[in-house]
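Trainee: Please choose one part of this model and look at it closely with me, and then place that part within the whole chain.

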Amino acid sequence: MVALLLPRLDRNGTPFDSTGMIDFTLNGATLLADPSGALFWPERRMLVVSDLHFEKGSAFAARGVPLPPYDTAASLGRLEAVIARHRPETVICLGDSFHDQGAPERASADALTRVRALTARHDWIWIAGNHDPEPDPVWGGRTLPQTVLGPLVFRHEAVETAGAGEISGHYHPKARVRLRGRSASGQCFVTDGNRLMMPSFGAFTGGLDVTSPEIRRLFPRRFEILFLGPDRLYRFPNSALLPSRVLAV
């Protein structure tokens, strides 16, 4: 197993790193987990996000479910902010970036303009997901089923038999922990030092508890989570997780 190189924490799980980020190694690559739920690979100047689900609100509204149609703008604002913070050359979106194939028709002109500006400024890779197997070319960028870069493989859904270095999304992992004396539920990264599962980045995405069978089969032994707080990450071993509650997916 690849050793995790993470900063020292206080008794509440708080990282001493004042930036709120946590760095660790995965199959020899040094990576930086961001409190936004993004991942940065400094050596490659690469930013990774997962499960944006652009236009999920409008998809539900079209089926008569009255969700407000502001999720794309909110997710874009967060994405633009983390890109400005890390200034990557390459951006990889790990699938389900669009909630369905009708997203371009429902998206606002402003959203289309903002996405195209991002894809024009960076080497932008859309990894195909189950919601968006063929993202529309109107968004710019290029689409791949998965990609291997150095010691890491980037795909939407984890493969149980994958070797070390797999980074995936799809399951929107969440967890319950005791944080500063209180129970807290929220999104998280999940890693056992061999593979990494990323949290969803979209504004309207729910989550699946890390203790669920779908996730535990991928992490059958010891694993850790990097829990997303309001402005920093917190590291917990799987032994410190609280019993799950029902979390909407």
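Mentor: What follows begins with the nonpolar interior, moves to a few residues one by one, and ends with the chain as a whole. The model is predicted, so local features are taken only at pLDDT of at least 70 and side-chain atom pairs only at pLDDT 80 or more, whereas totals for chains, interfaces and linings use all residues. Residues are numbered from 1 along each chain as its sequence is written, and side-chain values use heavy atoms, without hydrogens or water.

The largest nonpolar core (buried Ala, Val, Leu, Ile, Met, Phe, Trp, Tyr and Cys residues joined through side-chain atoms within 4.5 Å) has 25 residues, and Leu52, Leu79, Trp124, Trp126 and Trp139 have the most contacts inside it. Two or more residues of this core come from each of strand 4 (46–49), helix 2 (71–86), strand 5 (90–93), helix 4 (109–121) and strand 6 (123–127); here helices (H or I, at least four residues) and strands (E, at least two) are DSSP runs, numbered from the N terminus. A second core of 23 residues is separate, and Phe24, Leu39, Leu152 and Met198 are among its members. In soluble globular proteins, nonpolar side chains tend to be buried together.

Ser97 offers a polar view of this region, sitting in the loop between strand 5 and helix 3 (103–106). Ser97 has a relative accessible area of 1% and therefore counts as buried (under 20%; exposed is over 50% and partly exposed lies in between, with a 1.4 Å probe and protein chains only). Beyond its neighbours within four places in sequence, Ser97 is in contact (heavy atoms within 4.5 Å) with Leu52, His53, Phe54, Trp126 and Asp132, and of these partners Leu52 and Trp126 were named above for their contacts inside the largest core.

The loop between strand 4 and helix 1 (56–62) holds Asp51, and Glu55 is placed in that loop as well. Most residues other than glycine have a negative phi, yet Asp51 has a positive phi of about 55° and Glu55 a positive phi of about 65°. Asp51 is buried at 1% relative accessibility, and Glu55 is buried too, at 6%.

Within strand 5 lies Ile92, which is buried with a relative accessible area of 0%. Its contacts, leaving aside neighbours within four places in sequence, include Met46, Leu47, Val48 and Val49, along with Ile125, Ile127, Thr147, Leu149 and Phe154. By contrast with those contacts, the C-alpha atoms of Ile92 and Arg78 are 15 Å apart, at a sequence separation of 14 residues.

Another buried residue is Met21, at 10% relative accessible area, in the segment before strand 1 (22–26). The C-alpha atoms of Met21 and Leu233 are 6.0 Å apart in space although the two residues are 212 apart in sequence, and Met21 also touches Arg85 and His86, among other residues over four places away.

As for the whole, the chain has 5 helices and 16 strands, and 53% of its 249 residues count as buried. Residues 24 or more positions apart supply 67% of the contacts with a separation of 6 or more. The radius of gyration (over C-alpha atoms; the globule rule is 2.2 Å times the number of residues to the power 0.38) is 17 Å, which agrees with the value near 18 Å for a compact globule of 249 residues.
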